[in-house]
Amino acid sequence: MIKYIPNQANLMVMKKTILIIAFICSLWSCSDDDNEAYIPGPMALEVEQPSNFPEIKYALEANTPTDAGFELGKKLFYEGNLSSSGIISCGFCHEQASAFTHHGHTISHGENGLEGFRNTQPIQNLAFFDEFTWDGAAIHLDLQPIIPITAEVEMNETIPSVLEKLENLPEYPQLFEKAFGTTEINSERMLKALSQFMVMMVSANSKYDKVMRQEEGEPFTSLEQTGLTLFKSKCASCHATDLFSDQSYRNNGIPYNPKHIEEKGRQRVSGYESDFYKFRVPSLRNIEMTFPYMHDGRFGTLEAVLNFYSDGMVENGGEVDEQLKKADGSLGIHLNTNEKEAIIAFLKTLTDNEFLNDKRFAEF
Ligand code: HEC
Ligand code: HEC
């Protein structure tokens, strides 16, 4: 357990004190016992809270990220041994250049090339969410990784077997000790370390953010500005706040996909028929990089997404969101070609190249 987490300033003072004590000891030839060097505990890291974001939801007080916990979490995230073959790491499906989605895959595949039935979600700004996956099956970030590790179509492993493998790899006991004080490797520590890595992944430095926070940089073009205005009136009721998700589950009238009969959306979790084909409203951050789109990756481009919103919406067997009904009762959002172009230009201002290239989160 982490008993005391020194901050940077304390640590500097402590380092100086240690140096002074060491110096005095060398003069007075202290016994070996007195001379034991102080090993500082892990240093706390701060999760960025951008001024334009909603509040952090992750309970940081129960699992405060530290430098050592973060490094362990990162190593685990890129660790093939979390899967049965030793090859499929979290990073295999969650690639940084694509905002941690599975580049070019409609449905991601894992062990033995087996496919699931959903498109990989980005990993970004998860500290601001309290339910995870497309249908909200994971109600805490610390629990989420159990799903991919144990799913046959993802990593096809068991938690005890992963822990045993980690115990037998030379570097891990030491890394767990650095992060948690002793060499013990258990599931709670493994999951907490993964969360410490993931909650630090904040994407809030796109052109959009800089314009909103009135920071230095390029202003919006008139096309982007028009796009923002249209977005606010036609999309932001669901893709709300600067996370671009109100975190609710909604049916957006996407046609039923007969290829994946197991897909029921939120109904899989709640059991309610009224939740059929409802999905957690996805954040649109870095959307330019996270194609293909929707829960099953059916649309390859943003143009296709907007054509769906204007002309492709259908009754899909569930309760399509009331907001998507026009005055005459038909489904869809009014959008002409120019409006679509402007919205896409705006959506591209959400690309955060600092995040996509941030070395802290990179495998190498
Ligand atoms: C085989 C590909 C694959 C692997 C391997 C994989 N994931 Fe995922 N990940 C997905 C898919 C697909 C989803 C969407 C799941 C769903 O909705 O049911 C997802 C969703 C998530 C989410 C939810 C994001 C959100 O916005 O709610 C998190 C967090 C996550 N994965 C973390 C991990 C971690 C940590 C690992 C490693 C232990 C991992 N994933 C391994 C494909 C993968
Ligand atoms: C009634 C709520 C609602 C409104 C209004 C809405 N969306 Fe969505 N949007 C959703 C939901 C729910 C999904 C996920 C559906 C799925 O995966 O099947 C989604 C998915 C998307 C995606 C794919 C995201 C991804 O990660 O794959 C994009 C892009 C998108 N919406 C853009 C827009 C734009 C642009 C508008 C306005 C023209 C808009 N949305 C209006 C609820 C809404």
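1. Helices here (H or I, at least four residues) and strands (E, at least two) are DSSP runs, numbered from the N terminus. By that count, His-94 sits in the loop between helix H3 (90–93) and helix H4 (146–150). The model is predicted: local features need pLDDT of at least 70, side-chain atom pairs count only at pLDDT 80 or more, and totals for chains, interfaces and linings use all residues. Residues are numbered from 1 along each chain as its sequence is written, chains are lettered from A and ligands numbered from 1 in the order in which they are written, and side-chain values use heavy atoms, with hydrogens and water left out.

2. Iron of ligand 1. The protein gives this iron atom a single donor, His-94 (NE2), 2.1 Å away. Donors are N, O and S atoms within 2.8 Å of the metal (3.2 Å for Na, K and Ca); water is not among the atoms, so sites may look incomplete.

3. Shell of ligand 1. There are 26 residues around ligand 1, and Cys-90, Cys-93, His-94, Thr-133 and Arg-280 come nearest. A residue is near a molecule or strand if one of its heavy atoms lies within 4 Å of it. The shell divides into 13 nonpolar, 10 polar and 3 charged residues. In this scheme Ala, Val, Leu, Ile, Met, Phe, Trp, Tyr, Cys and Pro count as nonpolar, Asp, Glu, Lys and Arg as charged, and the others, Gly among them, as polar.

4. Polar contacts of ligand 1. The term covers a pair of N or O atoms within 3.5 Å; within protein, one must be able to donate a hydrogen and the other to accept it, and residues adjacent in sequence count only if both atoms are side-chain atoms. A polar side-chain atom of His-94 is 2.9 Å from a nitrogen atom of the ligand. Two backbone pairs involve ligand oxygen: a polar backbone atom of Thr-133 at 2.7 Å, and a polar backbone atom of Trp-134 at 2.9 Å. H3 and H4 are the elements that give two or more residues to this shell.

5. Thr-133 deserves a look at its backbone. This residue is found in the loop between H3 and H4. Its phi is positive, about 75°, although it is not a glycine. Thr-133 counts as buried at 13% relative accessibility. Buried means under 20% relative accessible area, exposed over 50%, partly exposed in between (1.4 Å probe, protein chains only). Asn-125 also lies in the loop between H3 and H4. Asn-125 has a positive phi of about 55° and is not a glycine. It is buried, with a relative accessible area of 2%.

6. One cis bond. The peptide bond from Phe-291 to Pro-292 is cis, with omega near -5°. Pro-292 is placed in the loop between strand E2 (279–280) and H11. For background, most residues other than glycine have a negative phi, and most peptide bonds are trans.

7. Iron of ligand 2. His-239 (NE2) and Tyr-309 (OH) coordinate this iron atom, at 1.9 to 2.1 Å. The site has 6 donor atoms, with angles of 83 to 180°, and is octahedral. Four donors count as tetrahedral if all angles lie between 85 and 135 degrees; four count as square planar and six as octahedral if opposite donors are over 155 degrees apart and all others between 65 and 115; anything else is irregular. His-239 lies in the loop between helix H9 (222–234) and strand E1 (249–250) and Tyr-309 in helix H11, so the pair ties together parts that are 70 residues apart in sequence. Both His-239 and Tyr-309 are buried.

8. Shell of ligand 2. It is surrounded by 24 residues; the closest are Cys-235, Cys-238, His-239, His-295 and Tyr-309. They divide into 17 nonpolar, 4 polar and 3 charged. Helix H11 (residues 302–312) gives the most, with 4 residues. A polar side-chain atom of His-295 is 2.7 Å from an oxygen atom of the ligand. A polar backbone atom of Met-294 is 2.7 Å from an oxygen atom of ligand 2.

9. Asp-242. This residue lies in the loop between H9 and E1. It counts as buried, at 12% relative accessibility. Its side chain makes a polar contact of 2.5 Å with that of Tyr-208. Not counting residues up to four places away in sequence, Asp-242 touches Asn-52, Phe-53, Tyr-208, Met-212 and Arg-285. Contact means heavy atoms within 4.5 Å.
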